[in-house]
Amino acid sequence: MGNFINDSGPNFKAGEIKLDSIPVYQYNKDLKKEFKAGKLAKEELAEIYESMLVIREFEEMILKLKNGAYEKLSDYEYRGPTHLSIGQEATAAGVCCALKITDEITSTHRGHGDSIAKGFHAIKRMSEAELKERCPEFAGLAGEELLEAVLEDHVYRTIAELFGKEAGYGKGRGGGMHIADFRVGHLGANAIVGGGIPIATGAAMTTRIDVDKAKQGKIVCSFAGDGAYANGVVLESFNWACQGQFTDPELSSINFGLPIIYCLVNNHYGMTGRADREVCGVHPLARRAAGFSDCNMHAEVVNGMDPLAVRDAIERAKAVIAEGKGPVMLEFNTYRYFGHSLSDPRTEYRSKAEEALWKEVDPVPCFRAKLIEAGAFSEKELAAMEKKVAERNEKAARRAADSDDPKAEDVIKYMYTDTNSEVVPAPYNQLMARGPRPVIKRDADSRITYKDAIKEAMIEEMERDARVVCYGEDVADYGNAFKLTKGMLEYFGRARVFNAPISEAAIIGTGVGMAMTGYRPVVELMYMDFALMASDQISNQAAKWHYMTGASTKVPMVIRCSVGGGKGYGGQHSQSLESIFAHIPGTYVAYPSNPYDAKGLMKTAIRDDNPVVFVEGQLLYNVKGVVPETDYTIPFGQANVLREGSDITFVCWGPAVADAEKAADALAEEGVNVEIIDVRTLVPFDWETVFASVRKTGKCVVMSQCVDIGSFTGEIVSKIVAECFDSLDAPVLKIGAKNGIAPQAHCLEKAFLPSVEDMVETAKKIL
Ligand SMILES: Cc1ncc(C[n+]2csc(CCOP(=O)(O)OP(=O)(O)O)c2C)c(N)n1
């Protein structure tokens, strides 16, 4: 490949590109021989077999519950998804038995097995003190009894989550498709196919910069199916993980590949269609690895029906990662014996004959037979283990069914956290500067631009907290498309300020992963329009994880996006989309209208433990205002009464505020006294300030630059009508952009965006 890269000029010399080979089925050791040679201990074999049994028992319980055949819970009606992983146990157990407690996984909608296995093997590795810390209620127990109690608790909390119970891992908010247990590094199953992969990639990113040795040494395994490997965000993540800047010593002093193993669980079906030979052009799927780094991302195809082959592959992948040569892709060839869910009889797309062939390599009975054949266990010993697992699961299921439902009045509880990073723990409170601090010039009146106010907030917050990192397209050397971040790379170094590939979904998804694992990323989407490329990662991931895990995790990240409206950039670079994100519960939405607010709100956004969509107006970037050099924050949900008045209330945000002021000036000349409220944040919203104003003036116009239909302005109008009806003297009106697409032509864009004249006229209608 070297001859294609030429820093000294063009080079069109003929040559050819060579790719490395991808090994398949390398594990060929014989269990019996290994056992006899003392290379496999009885305890480790027992652990793996038991782990697979717990999963199989668990999944068969769901099967029976749905069929009404689970006698222990004949009184219980299970409502919820039934994506069983029966057949895939060797993959889940084989991977997780090779992981440390602090290693992390992400999983899928078919993730019961992964979740059980991660918890099971982590618990098996816990000291007595760790077991008691995990389950303080068992403080009086010791030894085997304590371990057994904690294992049963793990199964109990898993089943409780499936049953939507308060005792579940996510307090019944997430369910089986979103199950997580952060105490053992389970960062979440994900019902969005492929959705967990960028999150895992982000979790692996933290190892590059964390000073904590334990975090540095962790490995992340991201499970996803063959179907997922076609998804854009998955391919974006592979490219992300293989970025040259992570390993190039000239670009970064921290140069090792991301410690992530992409675990491709190839069970040969998406929902009902096949990836290989049907909706994908490569076979085996591990070939995907060829596209992302020179000579391939390290990849291998592995027998996913043999837990020892799986474990062996993970151990070898760990060695590759330890050399700094991650990421690694492992394709586990496996099978799911049931349909996509239990409503799928699987008759349309596969034959009984095919299923029968795969049944011959069923991981649970096959491993059992090998254990007997090796002389590692007697029939009686295994039967006793099987009985213990069945009884443990039954007991846990009974307890889960009998446990409390969440309270209906708590339906919104856990939507947001009220915590923030006011106190920065050591050693992250040490300033780690790498070069000169960027200079932010104030004019003679102490004024700086809106753009510099945002930059100053980011610099100050990165100085006070080393967990704050900043990335996005072109933010590093060039200093972002608007030069807003210029100089920050030199000051903080490339580990904390770096360019991202043009992969909006991965920018947000990796941010979610970093945020969940202790960092506070401030990520940038160059134009807000591009947030639509990342809408899943913003709306289904960043927004939802705190709630879906019953507040077991936080996603403290800021998603900066600027609005290009008014510059003649046309339909795909001009949209004010804040209403969309205000509609999706789980994120905060801020839109400062002036430099002072921009700094104060940005600092609050960075310190807040919730994900914040931070909207910036590009046409505001060069607006100047007085901004103190001091450290100040502006609380979210506190509107600014910009101008007091008695005749009519204007409610607005972002660039609409300056226009509202002009409209108010014009109306003042006619003797109308306007009160202007700049809401500053759409979520949380300061309803009380707005209601108080409307109750005083009796009239209100709500204005923004969002396209009028479906805008958050409508929500404000409806709330005002409901809450202030008795005080209203006139209908409440709203103004937005026309219900059209932002045009290029200047005259058309002027007609498209709400104007000062529109505001004056609308106000006059109700005055
Ligand atoms: C983004 C997205 N698209 C579609 C679906 C619906 N869906 C659920 S599972 C599934 C198939 C996934 O196949 P694969 O990744 O191979 O995992 P498997 O179900 O085989 O474990 C589909 C299409 C979804 N949940 N998310």
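**View 1. Valine 651 and its bridge partner in a neighbouring strand.** In this predicted model, valine 651 has isoleucine 677 of β16 as its bridge partner. Right beside that pair in the numbering, cysteine 652 is matched with aspartate 678, again in β16. These pairs belong to the link between β15 and β16 (residues 674-678), which run in the parallel sense and are joined over five bridges. How many residues of strand β15 (residues 648-652) are buried? Five of the five are, so the strand is largely enclosed by the rest of the structure. In a regular strand, side chains alternate between the two faces of the sheet. In β15, Ile648, Phe650 and Cys652 sit on one side, with Thr649 and Val651 on the other, and all of them are buried, leaving both faces covered.

**View 2. The five-stranded sheet around β15, with its helices.** Step back a little and you meet an open sheet whose strands follow the order β14-β16-β15-β18-β19, with mixed pairing. At its edges are β14 (640-643) and β19, each of which pairs on one side only. From one strand to the next the twist averages 25°. Helix α22 (residues 656-669) packs on this sheet and touches β14, β15, β16 and β18 (700-707), its direction making about 175° with that of β16. Another helix, α26 (residues 756-766), lies across β15, β18 and β19 and runs at about 165° to β19.

**View 3. Lysine 734 in an edge strand.** Look for lysine 734 in strand β19 (residues 733-737). Is lysine 734 buried or exposed? It counts as buried, because 22 C-beta neighbours lie inside 10 Å and the cut-off for a buried residue is 20 or more. Leaving aside residues up to four places away in sequence, lysine 734 touches Val701, Val702, Met703, Asp708, Thr713, Gly714 and Val717. For a sense of scale, its C-alpha atom is separated by 53 Å from that of asparagine 267, a residue 467 places away along the chain.

**View 4. A parallel sheet with β1 and β4 at its edges.** Here is another open sheet of five strands, in the order β1-β2-β3-β5-β4, with parallel pairing. Strands β1 (104-106) and β4 (298-303) have a single partner each, so one side of each is left without a neighbour in the sheet. Neighbouring strands are turned by 20° against each other on average, direction ignored. Within the sheet, β2 (residues 220-225) and β3 (residues 260-266) are joined in the parallel sense over six bridges. One place to pause is glycine 225, which stands opposite valine 265 in β3.

**View 5. The surroundings of the ligand.** Glycine 225 appears again here, as one of the closest residues to the ligand, along with Val193, Gly227, Ala228 and Gly270. In total, 16 residues surround the ligand. What kinds of residue make up this shell? Seven are nonpolar, seven are polar and two are charged.

**View 6. Helix α9 and its packing partners.** Seven of the 10 residues of helix α9 (residues 232-241) are buried, so the helix is largely enclosed by the rest of the structure. These buried residues are Val233, Val234, Glu236, Ser237, Phe238, Trp240 and Ala241. They pack against strands β2 and β3 as well as helices α7 (196-209), α17 (504-516) and α18 (535-542).

**View 7. Helix α11 and the loop after it.** The 16 residues of helix α11 (residues 307-322) should span 22 Å at 1.5 Å a residue, and the end C-alpha atoms are indeed 22 Å apart. Its buried residues include Leu308, Val310, Ile314 and Ile321, and also Arg311 and Lys318. Just after the helix, glycine 324 takes a positive phi of about 85°. Proline 327 follows in the loop between α11 and β5 (328-333), and the peptide bond from glycine 326 to proline 327 is cis, with omega near 0°.

**View 8. Three backbone details in loops.** Most residues other than glycine have a negative phi, and most peptide bonds are trans. Arginine 680, in the loop between β16 and β17, has a positive phi of about 65° and counts as buried, with 26 C-beta neighbours inside 10 Å. Aspartate 474, in the loop between β7 (468-472) and α16 (488-492), also has a positive phi, near 65°, but is partly exposed, with 16 other C-beta atoms within 10 Å. The cis peptide bond in this view leads from valine 683 to proline 684, with omega near -5°; proline 684 is in the loop between β17 (681-683) and α23 (687-697).

How values were computed
Residues numbered from 1 in each chain as written. Predicted model: local features only at pLDDT ≥ 70, side-chain atom pairs only at ≥ 80, totals over all residues. Pairing = 2+ DSSP bridges. Helix = DSSP H or I, 4+ residues; strand = E, 2+ residues; numbered from the N terminus. Axes fitted to C-alpha atoms, helices over the stretch in contact; angles between N-to-C directions. Near = placed C-beta within 6 Å. Nonpolar A, V, L, I, M, F, W, Y, C, P; charged D, E, K, R; others polar. Expected span 1.5 Å × (residues − 1). Buried ≥ 20, exposed ≤ 12 C-beta atoms within 10 Å, placed from the backbone. Contact = placed C-beta atoms within 7 Å.
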